[in-house]
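Let's take a walk through this one together. Have the model open and ready to rotate as you read.

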Amino acid sequence: MSNKCTLNSQKPLENPDNSYSHNFKGKFCICDSEDSDETRESEMFMCVGCQDWFHSTCVQSANNSHNLAGKEFHQTTIPQVPLENLEEFFFVCEKCLQNWLYIPSAYKEYIYTEEPSKRNRVDECPVKTSEFPKFPYHVFVKLTWLDERCKCSSCEEFFPKEFEIIQKLDNRTLLEELEAEAEKIFEEEQEEEDPEEEEVFSELSNMPHETQLEIAQGYNLLRESLSEFVLDLQGSVCNLQQV
């Protein structure tokens, strides 16, 4: 990163109070590749923790190399890159996962593997009854874990703020879908021609600009007054005197 600030020429290239990953130098993934059209040919995933981007091929190769027989953290089922329904998972790199080992320890069934793990059904908090052994793998975790996980006070202490962002983004996606549906309905209604509306708009368009503004202001005032009137009613019956 060599571009100087255009607003303050004396500003240093790096802020000593910040922490910089290799992304700052235009590099990504565990392969430390520079961003280019060639490196973008491989599908990439962003870790919710460090926000670094990782190639799917590098992720799978790293997981396979970690899973050597005889190692203390050898797994019978290797964490995999989902081949479909990627929108149902979030990605956590191996480095960040070491800070959140309670996930593979207590919620292993939510990690995508060759063969799904059986759910460990217990009445008490699964985190309290689990040990946290080393788990040096990149993982894809089901989004459903965010809602189905234990939410006792102990688990809430473990729950990272980074995962709260996922929930907000997920809610935002739902909101965007609802807005898109509402916009679609509105457009469909607009396509239905109303002769009376067309006549009114035709008359308005022929009026002087000042008159159009007065009508628009009057309409807004009427709408605001009606809104306040309805709120004051609070569900009661409207009588002639109130009108």
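Start with Asn63, and keep in mind that this is a predicted model. Leaving aside residues up to four places away in sequence, Asn63 is in contact with Ile78, Pro79, Tyr137 and His138. You'll find Asn63 itself in helix H1, which covers residues 56-66. Is Asn63 buried or exposed? Its relative accessibility comes out at 0%, so Asn63 counts as buried.

Helix H1 also leads us to the largest nonpolar core, since it is one of the elements that give two or more residues to that core. The core has 36 residues, and Tyr102, Trp145 and Phe163 are the ones with the most contacts inside it. Besides H1, the elements giving two or more residues to this core are strand E5 (89-92), H2, helix H3 (102-106), strand E6 (139-142) and helix H4 (145-148). Of these, E5 gives the most, with four residues.

Now click on Phe163. Again not counting residues up to four places away in sequence, Phe163 touches Val48, Phe90, Trp100, Tyr102, Ile103, Trp145 and Leu146.

Next, look for some empty space. The second largest pocket holds about 240 Å³. It is lined by 13 residues, and Cys50, Asp52, Phe54, Cys93 and Lys95 are the closest to its centre. Which helix gives the most to the lining of this pocket? That's H2 (residues 94-97), with three residues. As for the chemistry of the lining, five residues are nonpolar, five are polar and three are charged. Helix H2, then, turns up in both places: in the core and in the pocket lining.

Conventions
Residues are numbered from 1 along each chain as its sequence is written. This is a predicted model: local features need pLDDT of at least 70, side-chain atom pairs count only at pLDDT 80 or more; totals for chains, interfaces and linings use all residues. Side-chain values use heavy atoms; hydrogens and water are left out. On a 1 Å grid over the protein atoms alone, a cavity is a set of points where a 1.4 Å probe fits but cannot get out, and a pocket is an open set with protein on both sides within 12 Å along at least five of seven lines; lining residues have an atom within 4 Å of a point. Grid points are joined across faces, edges and corners, and a volume is the space filled by probe spheres set on the points. Ala, Val, Leu, Ile, Met, Phe, Trp, Tyr, Cys and Pro count as nonpolar, Asp, Glu, Lys and Arg as charged, and the others, Gly among them, as polar. Buried means under 20% relative accessible area, exposed over 50%, partly exposed in between (1.4 Å probe, protein chains only). Contact means heavy atoms within 4.5 Å. A nonpolar core is a set of buried Ala, Val, Leu, Ile, Met, Phe, Trp, Tyr and Cys residues joined through side-chain atoms within 4.5 Å.
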